Amino acid sequence: MLQYLIQVTFTLFPALTVLGTIYGFFNREESRKYKRGFVWGFFVSLVFSVVAAILRLNTNAFVREYYNFFFLVTAFVAEVALVFAVGFRAKNTVSPLKDRWTGFITTVIVLACLSCVLPDLFLYPFEFAVGLDSIFHTEVLFKVIGYSLAIILSLAGGLCVSRVLEKASDSLARKTFAFVLLFFAAEYFVLFFQILMLRSRLMQNEILVNLLLFLLEYQNGLVYALLLAVILSCLGNIVSNKRAVFTGENPAVLRKKRAESKRRVGWSAFCVLFVITAFVIMTVGVWMNNRTVELSPPVELAVSDNKIEIPLESVNDGHLHRFSYTTEDGTQVRYIVIRKSESAYGVALDACDICGASGYYERNGQIVCILCDVVMNIGTIGMPGGCNPVPLDHEITDGRIVIDAANLDAEAYRFE
């Protein structure tokens with residue numbers, strides 16, 4: 001769940017924030033021509049994205065880096081051009097929406113931004129059941145929930161930003177517009193510069209390599225700066241509306257203006273809430289998802305007559321128990337035991353066919369793969385398939401689990 005909540009939020013939230021900023025800024029003029037450009041940009045990007053997703057799923061001929069590079073460069077140039085176009089027109093007190101080129105640039109930004117983010121959005125669902133036996137699995141459900149929540153959060157954030165910019169003061173709206181677009185353009189510059197470096201001989205230039213490493217290290221800072229610009233704009237909008245004084249009007253008009261002012265404060269407050277939520281997901285969520293699980297060392301049991309015996313009373317508490325066996329060449333082979341029911345025990349290697357020897361740990365009563373964070377069905381531990389631990393042959397006799405050391409020797413290659 002957390003994995004896709006993070007991935008979709010990182011992918012979609014900044015892009016929809018930018019598009020919401022553009023839409024809200026220009027919607028102040030209520031230009032139908034501009035709205036048509038938004039619609040055209042969306043539907044054309046939808047076509048490009050669907051085709052790109054289909055090609056990526058069904059052929060090796062599609063090179064995603066070249067596709068991304070084209071749209072990243074296009075979006076970067078268009079965003080910078082739009083910022084300067086709006087600034088230039090402001091000096092001449094002419095609405096930018098009356099400029100045909102400004103409308104065209106805006107359409108290009110919508111097309112390029114969505115063409116970059118939508119293919120991943122379409123492809124993520126095809127990953128949900130990877131490593132599982134069926135799509136009807138609780139882990140798939142959690143991934144769908146995380147995926148859906150991120151989409152809802154991103155759409156709500158984009159909507160709130162557009163509403164805030166629609167009613168903000170001209171000065172505040174123009175500053176927010178410029179900062180948000182420039183920060184987003186800077187992020188796209190880092191992305192296409194990375195592709196350019198990796199796909200060319202520029203990697204041989206030490207100065208450019210160091211520059212790339214520096215940019216990648218602080219790349220997320222550009223997204224955070226974008227979010228900060230939106231938050232400051234919302235707070236400025238809240239303060240200005242709280243301080244607004246309405247006088248000299250008849251009561252009906254005064255009530256209408258006060259109600260409008262409250263709506264502006266409400267949209268700004270919701271916008272701050274959504275942006276902070278996205279920021280928490282991008283920071284705390286990433287930390288939680290990437291934190292290293294510290295495990296106690298597995299217990300090594302004595303081998304007698306080439307057999308390892310585990311008393312059932314030592315593993316009948318329903319928790320995961322980790323053991324190890326050292327082969328003659330010094331390879332440590334880990335294996336796990338867990339009581340599944342009154343009379344059944346799951347005995348398996350601490351490894352799987354998909355994720356290798358990364359191993360498993362217990363979290364809140366669930367058995368979880370350390371590498372992919374997939375939650376195991378405890379009832380299927382000891383059975384082959386999916387991300388399940390590799391079954392380990394054993395016998396249960398006289399109240400003991402008996403494992404032949406030769407079986408562990410045969411699996412040592414998985415842990416080398």
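This is a short walk through one predicted model, starting with a pair of helices and then moving to single residues.

Hi everyone, thanks for coming. Please keep in mind throughout that we are looking at a prediction.

Let's begin with helices α6 and α7. Helix α6 covers residues 170-198 and helix α7 covers residues 206-217. Their axes come within 10 Å of each other, and they cross at roughly 145 degrees. The crossing of α6 past α7 is left-handed. Which residues make this contact? From α6 we have F189, V190, F193, Q194 and M197, and from α7 we have L208, V209, L211, L212, L215 and L216. If you sort them by class, ten are nonpolar, one is polar and none is charged.

Now let's stay with α7 for a moment. Is its length what one would expect from its residue count, or not? Well, α7 has twelve residues, and at 1.5 Å a residue they should span 16 Å. In the model the C-alpha atoms at its two ends are 17 Å apart, so the two figures agree.

Which residues of α7 are buried? They are V209, L212 and L215. Those residues cover an arc of only 125 degrees around the axis, so they sit on the same side of α7. There is a nice piece of textbook background here: an α-helix has 3.6 residues a turn, so residues three or four places apart point the same way. Turn to the other side of α7 and you find E206, I207, L213 and E217, which are exposed. As for what covers the buried residues, α6 is part of the answer, and so is α8, residues 219-242.

While we are at α8, let me point out S240, which is found in that helix. S240 has a relative accessible area of 40%, and because that value falls between the 20% and 50% cut-offs, S240 is partly exposed. Along the chain S240 and A81 are 159 residues apart, and in space their C-alpha atoms are 30 Å apart.

Next stop, helix α2, residues 32-58. Two residues here make a good pair to look at. S45 is found in α2, and with 0% relative accessibility S45 counts as buried. What does S45 touch, not counting residues up to four places away in sequence? The partners are L111, L114, S115 and L118. L55 also lies in α2, but at 36% relative accessibility L55 counts as partly exposed. From the C-alpha of L55 to that of S268 the separation is 41 Å, with their positions 213 residues apart along the chain.

L114 comes up again when we go to helix α1, residues 2-26, where we find L19. L19 is buried, with a relative accessible area of 6%. Leaving aside neighbours within four places in sequence, L19 is in contact with F38, I109, V110, C113 and L114. L19 and N210 are 191 residues apart in sequence, and their C-alpha atoms are 32 Å apart in space.

Here's one for those of you who like lysines. K143 lies in helix α5, residues 138-167. Is K143 buried or exposed? At 7% relative accessibility, K143 counts as buried. Setting aside residues up to four places away in sequence, K143 touches M1, Y4, E127, F128 and V374.

Finally, let's leave the helices and look at a couple of loops. First a reminder about backbones: most residues other than glycine have a negative phi. With that in mind, have a look at D305, where phi is near 55 degrees, a positive value in a residue other than glycine. D305 is in the loop between β1 (299-300) and β2 (307-311). Its relative accessibility is 73%, so D305 counts as exposed.

And then there is D398, whose phi is near 50 degrees, again a positive value in a residue other than glycine. Where is D398 found? It is in the loop between β9 (395-397) and β10 (400-404). D398 is exposed, with a relative accessible area of 79%.

If you take two pictures back to the bench, here are my picks. One is α7, with V209, L212 and L215 buried and E206, I207, L213 and E217 exposed on the other side. The other is the aspartates in the loops, D305 with phi near 55 degrees and D398 with phi near 50 degrees. Thanks for listening!

Methods: Residues are numbered from 1 along each chain as its sequence is written. This is a predicted model: local features need pLDDT of at least 70, side-chain atom pairs count only at pLDDT 80 or more; totals for chains, interfaces and linings use all residues. Side-chain values use heavy atoms; hydrogens and water are left out. Axes are lines fitted to C-alpha atoms, for helices over the stretch in contact, and angles run from 0 to 180 degrees between N-to-C directions. Helices (H or I, at least four residues) and strands (E, at least two) are DSSP runs, numbered from the N terminus. A crossing is left-handed if the near helix is turned anticlockwise from the far one by less than a right angle, and right-handed if clockwise. Contact means heavy atoms within 4.5 Å. Ala, Val, Leu, Ile, Met, Phe, Trp, Tyr, Cys and Pro count as nonpolar, Asp, Glu, Lys and Arg as charged, and the others, Gly among them, as polar. The expected span of a helix is 1.5 Å times one less than its number of residues. Buried means under 20% relative accessible area, exposed over 50%, partly exposed in between (1.4 Å probe, protein chains only). The arc is that of the directions from the helix axis to the C-beta atoms.
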